[in-house]
Amino acid sequence: MAAPRAEVVIDLDNLRHNVSFLAGLAPRAATMVVVKADGYGHGAVEVARAAVEAGASWLGSCSLAEALALRDAGIKVPVLAWLDPPGTDYAPGVAADVDLSVSSVRQLDEVAAAARVAGRQARVHLKIDTGLSRNGCPPDRWAALVEHAAATPEVRVHAVWSHLACADEPGHPATDAQAERFDDACREAVAAGLAPLRHLANSAALLTRPDLHFDLVRPGIAVYGLNPVPQPFDLRPVMTFRSCVALTKRIAAGESVSYGLTWTAKSESTLALVPVGYADGVPRSLSNRMHVWLAGRRRPVVGRVCMDQVVVDCGDDDVAEGDEVVLFGTGASGEPTAREWADTTGTIDYEIVTGMYRPRVTRTYR
Ligand SMILES: *Cc1c(COP(=O)(O)O)cnc(C)c1O
């Protein structure tokens, strides 16, 4: 079998471990595993199936199309879809039993119209903006929204929910302020005659704020084994990005490497060419600032990251064409991690793994 050119390997055992670990931390809440953006780059359908096996009873997606793709794959657990543009046809969602998030009277009316078309009641989650100032109904319009929802027979309000801005900084005062506004919003919904479930916690709040678990927790990143908070937890990274050595060569001292010749060998050295580049998810800004795991140790990538290739300095060590190269993995044997790439490039590991969803990168499951 040919060595892989650019491959992400998804370890579903690690994913199942993470889901049951997280569900165990929130024993009184149901667990909604968030699989938006193709499961943060891991494959939404495969992740969803493994998550349900491991104890998830809900799935969360961003768009309705993502939710319907889960239904098309035969996945039957409740799914919540939370953000689509005006004019979206929600009728297929209502017909497929997808729960829909609503942040305004206009959205509620669109969902009610879809429910009439589908010939059945729509199940909605009313979203209150408690301070993130992104999606969600602002508090000054909340009373009107809950009253309108209570008076609309085509919809049934299943939950009231919100999203936190700073849960990944435990102790940040904004979290308590948001929780207070959330309580107010839930009280108003009850006063309007609704009996909603409540949900607020993302991964970070699931891990650090048991008082905010409510009826349902919504972990995303932690399911994929990446820890959004400073305290350690038993989370196991799910994605490994690997390639191979396509070519080796010796170069003389004084020879330079890759576009711009930004790295020069101080002594004669063996170079390994690895056939992945920024078109495969290796940020060009990691040029001369990254390592790979190759032949039993970390080795530096030298010179610029190109579209299709990077070059690794192997000194006088024996490396062979076809050897496996791990770009990032769990870190368990010392290989780089997605977190390391994120820290070096000034982003978060969410962006690194989500960015691995590319046509040229194959994905396999283990
Ligand atoms: C993405 C998302 C989550 C999951 O967040 P993580 O930080 O990945 O746990 C939860 N809720 C909403 C509304 C989201 O958009």
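Reader: What makes Lys-36, Tyr-40, Ser-203, Ile-221 and Tyr-350 stand out among the residues around the ligand?

Author: In this predicted model, 14 residues lie around the ligand, and those five come nearest. A residue is counted here if one of its heavy atoms lies within 4 Å of the ligand.

Reader: Why is the pair formed by Ser-203 and the ligand called a polar contact?

Author: The pair consists of a polar side-chain atom of Ser-203 and an oxygen atom of the ligand, 2.5 Å apart. The cut-off for a pair of N or O atoms is 3.5 Å, so the pair with Ser-203 qualifies.

Reader: What do Arg-218 and Gly-220 offer the ligand?

Author: Arg-218 has an N or O atom of its side chain 2.9 Å from a nitrogen atom of the ligand. From Gly-220 a polar backbone atom lies 2.9 Å from an oxygen atom of the ligand. Set against the limit of 3.5 Å, the Arg-218 pair therefore counts as a polar contact, and the Gly-220 pair therefore counts as well.

Reader: Which residues lie nearest the centre of the largest pocket?

Author: They are Lys-36, Tyr-40, His-163, Asn-202 and Tyr-350, out of 36 lining residues. Helix H2 (36–40), helix H9 (203–208), helix H10 (338–345) and helix H11 (349–354) each give two or more residues to this lining. The largest share, 4 residues, comes from H11. The volume of the pocket is about 820 Å³.

Reader: How many residues of each class are in the lining of the largest pocket?

Author: The lining has 19 nonpolar, 8 polar and 9 charged residues. Tyr counts as nonpolar and Lys as charged, so Tyr-40 and Lys-36 of this lining fall into those two classes.

Reader: What makes the other spaces cavities, and how many are there?

Author: A space is called a cavity because a 1.4 Å probe fits inside but cannot get out. The count comes to 3 cavities of 30 Å³ or more. The largest has a volume of about 70 Å³, and the second largest about 40 Å³.

Reader: Which residues enclose the largest cavity?

Author: Its lining consists of Ala-81, Trp-82, Leu-83, Asp-84, Tyr-90, Leu-100, Ser-101 and Gln-107. By class these are 5 nonpolar, 2 polar and 1 charged. Asp counts as charged, so Asp-84 is the charged residue here.

Reader: How is the lining of the second largest cavity divided by class?

Author: There are 8 nonpolar residues, 3 polar and no charged. Among the lining residues are His-42, Tyr-224, Phe-328, Gly-329 and Thr-337. Gly counts as polar, so Gly-329 belongs to the polar group.

Reader: Why is Ser-103 called buried?

Author: The relative accessibility of Ser-103 is 8%, and buried means under 20%, so Ser-103 meets the rule. Ser-103 sits in the loop between strand E5 (98–102) and helix H6 (105–118).

Reader: What does Ser-103 touch, beyond its neighbours within four places in sequence?

Author: The partners are Lys-127, Asn-135, Gly-136, Cys-137 and Leu-145. A polar atom of the Ser-103 side chain lies 3.1 Å from the backbone nitrogen of Gly-136. That distance is within 3.5 Å, so this pair is a polar contact.

Reader: How many residues does the chain have, and what share of them count as buried?

Author: The chain has 366 residues, of which 52% count as buried. Its secondary structure comprises 11 helices and 19 strands. Of the contacts between residues at least 6 apart in sequence, 66% join residues at least 24 apart.

Conventions:
Residues numbered from 1 in each chain as written. Predicted model: local features only at pLDDT ≥ 70, side-chain atom pairs only at ≥ 80, totals over all residues. Heavy atoms only, no water. Buried < 20%, exposed > 50% of the residue type's maximum accessible area, 1.4 Å probe, protein only. Polar contact = N/O pair within 3.5 Å; in protein donor to acceptor, adjacent residues only side chain to side chain. Contact = heavy atoms within 4.5 Å. 1 Å grid on protein atoms, 1.4 Å probe; cavity = no way out; pocket = protein on both sides within 12 Å on 5 of 7 lines; lining within 4 Å. Points joined across faces, edges and corners; volume = space filled by probe spheres on them.
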